[in-house]
Amino acid sequence: MTSSDEAADTGAKTMFTWRSVDGGRFEQVRLNTAGGRLRAYGRIISAETAEVQAYSSSYELVANDIGITRRLSFRLLKTGGEAPLDLSRDMDGRWMVQTPYSTIQSDFDGAEGVDVAMSPFLSALPIFRHTFFGKGALTDVPLVSLRLPTYEIEPDVASYTIGDGTATITTAGGTVDLSIDEHGLVLDYPGVATRI
């Protein structure tokens, strides 16, 4: 039995690591599904590129018993210093987003999760949620879209088609086909990252 088998079957804690296609970015997450709830502690490290400066970001995700995000907190470290970001969703579906620069309150068109661009774990979280919890519609799923390291936030919509070892994500920006394991966690996200 693999570590991901144990995580899904017994609520164990396990870790996963992804490396970007160019080798300049890594994401590692410690996933805890104890008690049928989802909690994840992760880190994203990116080298400097032509588009972004180097950064290191740690995050904590807490979801309820059907996989809906309750809180996602980031601590981002760049050359210029540290920048926190906290997103929380109340029982009525209202989000509060606190950045170093502003506080935003919105329902983000009914979003129940956060899509973090270029994150193989957080971008595909609706797939894991559907596979693990057996909950949630996968057509026109409203999301809070977040970009690192700029903390750009906006509402977005995505649709997901899950097959045997594959999943397709469709957004306004296009369609991507992923390879996934039996629990809905990304093995290969073309152009983004591969699990190692």
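These legends accompany close-up views of a predicted model.

**View 1. Strand β3 and its two faces.** Welcome to β3, the strand that spans residues 39-46. Ala-40, Gly-42, Ile-44 and Ser-46 make up its covered face. The uncovered face carries Arg-39, Tyr-41, Arg-43 and Ile-45.

**View 2. A nonpolar patch on the surface, with Ile-45 as one of its members.** Look here for Ile-45 together with Phe-26 and Ile-196, a trio with about 280 Å² of accessible area together. Ile-45 sits in β3, on the uncovered face of that strand. Its relative accessible area is 43%, and because this value falls between 20% and 50%, Ile-45 counts as partly exposed.

**View 3. The hairpin of β2 and β3.** Strand β2, residues 25-32, runs antiparallel to β3, and the two pair over 8 bridges. To find your way, start at Asn-32, whose bridge partner in β3 is Arg-39. There are 6 residues between the strands of this hairpin, and Gly-35 adopts a positive phi near 70 degrees.

**View 4. β3 beside β4.** Strand β4 covers residues 55-63 and pairs with β3 in the antiparallel sense, again with 8 bridges. A handy landmark is Ser-46, which has Tyr-55 of β4 as its bridge partner. Ser-46 also belongs to the covered face of β3.

**View 5. Leu-31, a buried residue of β2.** Leu-31 is part of strand β2. With a relative accessible area of 2%, Leu-31 is buried, because the value is under 20%. Met-15 is 16 residues away from Leu-31 in sequence, yet their C-alpha atoms are 6.0 Å apart in space.

How values were computed: Residues numbered from 1 in each chain as written. Predicted model: local features only at pLDDT ≥ 70, side-chain atom pairs only at ≥ 80, totals over all residues. Heavy atoms only, no water. Patch = residues over 30% accessible without salt bridge, like charges linked within 9 Å, V, L, I, M, F, W, Y side chains within 5 Å. Areas by Shrake-Rupley, 256 points an atom, 1.4 Å probe, with all protein chains shown as cover. Salt bridge = Lys/Arg side-chain N within 4 Å of Asp/Glu carboxyl O. Helix = DSSP H or I, 4+ residues; strand = E, 2+ residues; numbered from the N terminus. Buried < 20%, exposed > 50% of the residue type's maximum accessible area, 1.4 Å probe, protein only. Pairing = 2+ DSSP bridges.
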